[in-house]
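Visitor: Please take one part of this model and go through it closely. I would like to know how it sits in the rest of the chain.

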Amino acid sequence: MLHRGHESTDGTGGGELAVPMAWLYAEYIADELLRTGDLMPPTSFEFRAGRDALALTVFLSDTGGELSGIRVISQLENWLSLTAYDQPWRDWVRGRMAELTERAAGSGAPSPDLALAADAWRWLEETELLAPDLDAVPGGAVSGEDEGPKVWTPAWRLGLPLGHLAIHLF
């Protein structure tokens, strides 16, 4: 499944509905990685945070617009490095989104892929989820899910390590 560019149509031309194939494919990859890892129920907000963080990573790292099924395996190490704890993932996402937004504005054509990516990024930044406060617990260990202090955490801060772990488990 190879695509060119960040959008495609049904092939009829003439102003037909643009299908956001790049974003949908990135979301599919992220969903499969998380489901394979079996870390969270697929209906949970945590799963959505992980899927959206991974989908953004997959979508934004595809600089050539040629993400194909065969290249997924070769990209795992790249996605691992982008989602690692010590990496400025949030700044990277903001930079790539700005770059793609500028490119889309210059082309004069709206990008349905970019619109969906922007919606996912907005949700990850604006949504807060109640999660264990690992910084408040000595050594960062919590023995039970319901034990220890909890804090409201931006969804991306919870989804990013979940996505990173899912890649490791794959």
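Guide: What follows is a close look at helix 4, then at its surroundings.

The model is predicted. The protein chain has 6 helices and 4 strands, and along the sequence the order is β-β-α-α-α-α-α-β-β-α. Of its 170 residues, 41% count as buried. Among the contacts with a separation of 6 or more, 71% come from residues 24 or more positions apart.

Helix 4 covers residues 89–107, which makes 19 residues. From its first C-alpha to its last the helix reaches 27 Å, close to the 27 Å expected at 1.5 Å a residue. Its buried residues are Trp 89, Val 93, Arg 96, Met 97, Leu 100 and Ala 104. Seen down the axis of helix 4, these buried residues fall within an arc of 105°, so they line one face of the helix. The face turned away from that buried side carries Asp 91, Glu 102, Ala 105 and Gly 106, which are exposed. After the helix comes Gly 108, with a positive phi near 80°.

The next point is the core. The largest nonpolar core has 39 residues, and Trp 89 of helix 4 is among those with the most contacts inside it, together with Leu 56, Phe 59, Trp 79 and Leu 124. At least two residues of this core come from each of helix 1 (21–37), helix 2 (45–61), helix 3 (71–83), helix 4, helix 5 (112–126) and helix 6 (155–169). Helix 2 gives the most, with 9 residues. As a general background, nonpolar side chains in soluble globular proteins tend to be buried together.

Trp 89 also takes part in the aromatic contacts. A pair of aromatic rings is described by the distance of the centres and the angle of the planes. The structure holds 4 aromatic pairs. One of them joins Tyr 25 and Tyr 28, which are stacked at 6.5 Å centre to centre with 15° between the planes. These two tyrosines are 3 residues apart in helix 1, so they are separated by about one helical turn. Tyr 25 is buried, with a relative accessible area of 10%, whereas Tyr 28 counts as partly exposed at 49% relative accessibility. Another pair, Trp 89 and Trp 156, is also stacked, at 6.0 Å centre to centre and 25° between the planes. Trp 89 lies in helix 4 and Trp 156 in helix 6, so this pair ties together parts that are 67 residues apart in sequence. Both Trp 89 and Trp 156 are buried. With Trp 121 they form one aromatic cluster.

Helix 6, the partner of helix 4 in that pair, also holds His 164. His 164 is buried, with a relative accessible area of 17%. Leaving aside its neighbours within four places in sequence, His 164 is in contact with Leu 80, Thr 83 and Ala 84. The C-alpha atoms of His 164 and Gly 50 are separated by 8.5 Å, although the two residues are 114 residues apart along the chain.

Helix 2, which gives the most residues to the core, contains Arg 48. Arg 48 lies over the face of Trp 123, at 4.0 Å from the ring centre. With a relative accessible area of 31%, Arg 48 is partly exposed. Its C-alpha atom and that of Leu 34, 14 residues apart along the chain, are separated by 9.6 Å.

One backbone detail can be set beside Gly 108. Most residues other than glycine have a negative phi. Asp 38 is not a glycine, yet its phi is positive, about 50°. The residue is placed in the loop between helix 1 and helix 2, and at 63% relative accessibility Asp 38 counts as exposed.

To return to the part chosen: helix 4 has a buried face and exposed residues on the face turned away from it. The helix supplies at least two residues to the largest nonpolar core, and through Trp 89 it is paired with Trp 156 of helix 6.

Notes:
Residues numbered from 1 in each chain as written. Predicted model: local features only at pLDDT ≥ 70, side-chain atom pairs only at ≥ 80, totals over all residues. Heavy atoms only, no water. Expected span 1.5 Å × (residues − 1). Buried < 20%, exposed > 50% of the residue type's maximum accessible area, 1.4 Å probe, protein only. Arc of directions from axis to C-beta. Core = buried A, V, L, I, M, F, W, Y, C linked by side-chain atoms within 4.5 Å. Phe/Tyr/Trp six-rings, centres within 6.5 Å; stacked < 30°, edge-to-face > 60°. Lys NZ or Arg CZ within 6 Å of the ring centre and 35° of its normal. Contact = heavy atoms within 4.5 Å.
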